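Got your viewer open? Let's take a walk through this one together, a selection at a time.

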Amino acid sequence: MTTAEAEKGHVRRDREVPARLTFREALDRLAGAQKSARGVSLYSRHVNRPVGRLLAAGSYRAGLTPNQVTVISALFSFGATAGIALAEPARWTGPVVWLALATGFAFDSADGQLARLRGGGSPAGEWLDHVVDCAKTTALHMAVLLALSLRPDAFGVRERAWLLLPLGFLFVAVVTFFGGLLTEQLKRQAAAGRPGPATPPSLVRAVALLPVDHGVFCLVFLLFGAGPVFLWGYALLGAVAALYLPLFLAKWFRELSRG
């Protein structure tokens, strides 16, 4: 399971907790109802989930539903994507794009946490969450492709072969997302009625997953205004994601074969 799938947790979203909680009570309840840290990178464990917890408690107090929080996540993410595709690289562009992407990712964690706080989620909510995630991933790499195509000089693009980079990165990202999501669903079906082993999270694995954590990926957009530096950072993360993909696929196939 990759980090992006590890942040989910929607089962039924339509039940409310019996009494209205204060912000502090909601935060405390969320702190005691976190999902397992297995298969989660250090960034998601120590940055994204805690920030998402604050956003979930605030959203609860504001009377928002998990689906509305999912839409807020999408607005931040697609707003950042539009900036990547259309804005001229400048000193301010990178931090603004990164902040919007990071905020969208935190709200992506908050919707599942809010669902658990309210008593559960719904299949429709889980469907919406995953569809939005897939759309955000696709749009993000397509936005990079547009940026390189429309402003090649700003990024030091001298050969059109560079345009294959975001397409390749997109292929790896979509296969990883779909493979991880499908593995999660199939394992859930196979384990229905059977309690899973309570194994502690691995620190080594949490560190190893950092290069393919979406939150870490968003950090490269801080360099967006630096043009060629951003391009090389993006290429490096793409190469790492491509190296991890066959490892993930082999691991997931092996786990399902044992099940």
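Before you click on anything, one term: pLDDT is the predictor's confidence in each residue, on a scale from 0 to 100. You'll want it, because what you have on screen is a predicted model. Colour the protein by pLDDT: the mean is 88, and 89% of the residues reach 70 or more. Now select residues 9–18, where the pLDDT is below 50. In the model this stretch has 40 contacts beyond its near neighbours in sequence. Still, where pLDDT is low, the predicted coordinates should not be read in detail.

**Into the core**

Next, select I84, F217, F221 and F230. These are the residues with the most contacts inside the largest nonpolar core, which has 30 residues. Which helices each supply at least two residues of this core? Show α4 (66–86), α5 (93–117), α6 (123–150), α7 (164–190), α9 (214–219) and α10 (228–258), and you have them. The helix that gives the most is α10, with seven residues. As a rule of thumb, nonpolar side chains in soluble globular proteins tend to be buried together.

Zoom in on F221. Leaving out residues up to four places away in sequence, F221 touches I84, G94, V97, L101, L140, V144 and F230.

There's also a second, separate core of 12 residues; to find it, pick A26, L27, A57 and F107, which are among its members.

**Ring spotting**

Now show the aromatic side chains. How many aromatic pairs turn up in a search of the whole structure? The count is 13. Try F248 and W252: their ring centres are 5.4 Å apart and their planes meet at 10°, so this pair counts as stacked. Both residues belong to helix α10, where they sit four residues apart, about one turn of the helix. Are F248 and W252 buried or exposed? Both are buried.

For a bigger group, select F155, F169, F217, F221, F224, F230 and Y234, which ring pairs link into a cluster. You've already met F221 as a residue that touches F230.

**Two last stops**

Select R20 and Y60. The charged end of R20 sits over the ring of Y60, 4.6 Å from the ring's centre.

Finally, go back to helix α10 and find V229. Its relative accessible area is 47%, so V229 is partly exposed. Add F155 to the selection: along the sequence V229 and F155 are 74 residues apart, but in space they are 7.9 Å apart, C-alpha to C-alpha.

Terms used. Residues numbered from 1 in each chain as written. Predicted model: local features only at pLDDT ≥ 70, side-chain atom pairs only at ≥ 80, totals over all residues. Heavy atoms only, no water. Contact = heavy atoms within 4.5 Å. Core = buried A, V, L, I, M, F, W, Y, C linked by side-chain atoms within 4.5 Å. Buried < 20%, exposed > 50% of the residue type's maximum accessible area, 1.4 Å probe, protein only. Phe/Tyr/Trp six-rings, centres within 6.5 Å; stacked < 30°, edge-to-face > 60°. Lys NZ or Arg CZ within 6 Å of the ring centre and 35° of its normal.
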